[in-house]
Amino acid sequence: MTGAGNQATTGVLGVPWSTGVRRRDDGVVEVGGVGVDALAAQQGTPAYVLDEADFRARARGYRTAFATAFAEVGTGVDVYYAGKALLTVAVARWAREEGLRVDTASGGELAVALRAGVPGAEIGLHGNNKSDAEILAALDAGVGRIIVDSLVEIDRVAALAGSRGLVAPVMVRVTTGVHAGGHEYISTAHEDQKFGLSVNPGPDGGDGPAMRALLAAVERPELHLLGIHSHIGSQILDPAGFEAAARVVLRLRAELAERTGVLVGEVDLGGGYGIAYLPGEVPLDPDRIAKDVASAVAAVCAELGTPLPRISIEPGRAIVGPAGLTLYTVGTVKPVALDDGRVRTYVSVDGGMSDNIRPALYEAQYHAELVGRTSTAEPVLARVVGKHCESGDIVVHETWLPGDVRDGDLLAVAATGAYGRSMASNYNLLTRPPVVAVSGGASRVLVRRETVDDLLALDLG
Ligand SMILES: Cc1ncc(COP(=O)(O)O)c(C=O)c1O
């Protein structure tokens with residue numbers, strides 16, 4: 001891999017960068033018409049930079065692809081933007097303006113979606129251990145769906161809805177046994193993990209947790225069972241997993257109808273659509289995946305003799321991941337001789353695992369380039385590292401950068417829009433970077449940089 005070859009080229013940088021990223025003739029990279037030199041001068045580094053047009057286009061792309069494919073087989077689709085990937089008030093508004101609903105996973109995410117003006121009816125609330133306060137906040141906001149994750153939560157949501165004199169719209173999250181995703185920690189439909197209710201029978205061969213939860217939800221007058229939910233994992237690049245999970249969920253739906261006479265109207269197939277993180281990687285194509293899943297859903301319903309449910313999906317990463325990059329300044333450069341005779345150049349930047357934990361958490365791979373200038377220097381094998389007190393504080397495990405990389409250089413890491421800011425921490429009491437949107441040649445701060453005063457304000461001494 002010689003990514004440094006890109007350093008001298010001008011024009012659109014292509015995958016894995018957002019569509020608004022190009023290198024100008026003077027060598028400086030711009031995003032959405034704004035040069036990274038100007039962004040760094042105005043906002044400082046590190047900074048998360050979000051290409052608004054790219055986000056909107058991907059949101060529209062998913063909505064249109066799924067609406068078209070499912071209309072062809074005879075049903076409708078709701079696309080929920082999974083706010084856990086990145087949620088700010090502006091981002092929630094963009095999603096809504098592009099026709100998406102918003103999926104939240106905590107009281108905090110719910111509050112941001114509501115602040116953005118997303119109507120409660122267009123919001124879903126997830127979580128494997130929701131607090132009473134979170135459930136009540138969702139009920140009071142009139143959310144369109146609470147996705148229940150355990151048997152005890154059926155009782156909890158029913159009791160809280162009853163206390164408000166409400167009927168709670170719920171979906172039951174099931175685990176289908178389909179194992180998919182980029183890393184064990186982001187695969188969520190196999191049995192040995194915390195999420196959801198298993199579709200497998202119980203140890204005595206009787207009803208398993210999923211069927212028991214569905215039966216309980218049907219019986220409780222304080223609950224309105226909307227449907228069944230399945231999310232099989234994240235960063236999935238093979239469509240087969242979505243189809244397999246859909247089959248399991250649709251069979252469960254048919255079995256519930258046979259036993260209770262209640263045919264639930266909705267099925268949610270979750271998120272998890274994979275993106276490109278490195279040059280040359282091929283992301284899932286929304287048109288293709290939508291067609292494949294729609295025809296699998298139609299075929300299974302025909303086989304079972306059940307009408308099609310309304311479908312929903314919850315993409316997060318596929319919408320916001322490629323739209324973001326992180327802009328850093330290089331601080332130190334250290335060549336190290338490796339045992340195999342090669343030299344690895346450690347390039348330290350002014351952020352690290354506090355603004356992107358994914359390389360440390362999942363061994364996630366990223367791509368970096370110098371963006372403030374071009375260079376014709378021979379590429380060197382480089383490891384981009386942060387400024388934290390951990391040797392595992394790695395931003396990019398292995399990449400090629402021009403051999404004259406030096407302090408003061410601007411370096412950008414591609415495709416950091418999802419699970420960067422949303423998983424950021426204050427480790428070593430670093431302040432979290434701002435989220436800056438760029439569009440049509442202008443930039444706008446969506447979330448300001450934290451200050452040391454913010455940190456001190458929380459510390460009561
Ligand atoms: C229930 C649920 N829906 C949607 C998502 C979004 O996944 P992704 O960002 O990979 O599309 C997640 C991510 O963990 C999830 O747990």
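1. In this predicted model, the lining of the largest cavity is made up, by class, of six nonpolar, four polar and one charged residues. The volume of this largest cavity is about 50 Å³, and the structure holds one cavity of 30 Å³ or more. The residues that line the largest cavity are Tyr48, Val49, Leu50, Leu86, Gly324, Leu325, Thr416, Gly417, Gly420, Arg421 and Val435. Strand 5 (47–51) and strand 15 (324–337) each supply at least two residues of that lining, and strand 5 gives the most, with three residues.

2. The second largest pocket should be looked at next, with a volume of about 350 Å³. It is lined by 17 residues, of which Leu87, Thr88, Val112, Arg421 and Val447 are the closest to its centre. Helix 3 (89–97), helix 4 (107–115) and strand 22 (442–447) are the elements that give two or more residues to this lining, and helix 4 gives the most, with three residues. By class, the lining of the second largest pocket has seven nonpolar, four polar and six charged residues. Arg421 deserves a note of its own, since this residue is named in the lining of the largest cavity and also among the residues closest to the centre of the second largest pocket.

3. Around the ligand there are 15 residues, and those that come nearest are Ser234, Gly272, Glu314, Arg317 and Tyr419. Sorted by class, the shell around the ligand has three nonpolar, seven polar and five charged residues.

4. Several polar atoms can be followed from the protein to the ligand. A polar side-chain atom of Glu314 lies 2.6 Å from a nitrogen atom of the ligand, whereas for Gly316 a backbone N or O atom lies 2.9 Å from an oxygen atom of the ligand. Arg317 likewise takes part through its backbone, with a polar backbone atom 2.8 Å from an oxygen atom of the ligand. Taken alone the ligand exposes 400 Å², and the protein buries 92% of that area.

5. Tyr419, one of the residues that come nearest to the ligand, has a positive phi of about 60 degrees although it is not a glycine. Tyr419 is placed in the loop between strand 20 (410–414) and strand 21 (435–439). A colleague checking the backbone may wish to view this residue together with the ligand.

6. Two cis peptide bonds are also to be noted in the backbone. One joins Val15 and Pro16, with an omega of about 10 degrees, and Pro16 has its place in the loop between strand 1 and strand 2. Another joins Thr45 and Pro46, with an omega of about -5 degrees, and Pro46 lies in the loop between helix 1 (36–43) and strand 5. Strand 5 is the element that gives the most to the lining of the largest cavity.

7. Finally, an open sheet of four strands has the order 1-2-3-4, with antiparallel pairing. Its edge strands are strand 1 (11–12) and strand 4 (34–35), each of which pairs on one side only. Within the sheet, strand 2 (residues 21–23) and strand 3 (residues 29–31) run antiparallel and are joined by three bridges, and Arg22 stands opposite Glu30 in strand 3. The loop between strand 1 and strand 2 is the one that holds Pro16, which is joined to Val15 by a cis peptide bond.

Notes: Residues numbered from 1 in each chain as written. Predicted model: local features only at pLDDT ≥ 70, side-chain atom pairs only at ≥ 80, totals over all residues. Heavy atoms only, no water. Pairing = 2+ DSSP bridges. Near = heavy atom within 4 Å. Polar contact = N/O pair within 3.5 Å; in protein donor to acceptor, adjacent residues only side chain to side chain. Areas by Shrake-Rupley, 256 points an atom, 1.4 Å probe, with all protein chains shown as cover. Nonpolar A, V, L, I, M, F, W, Y, C, P; charged D, E, K, R; others polar. 1 Å grid on protein atoms, 1.4 Å probe; cavity = no way out; pocket = protein on both sides within 12 Å on 5 of 7 lines; lining within 4 Å. Points joined across faces, edges and corners; volume = space filled by probe spheres on them.
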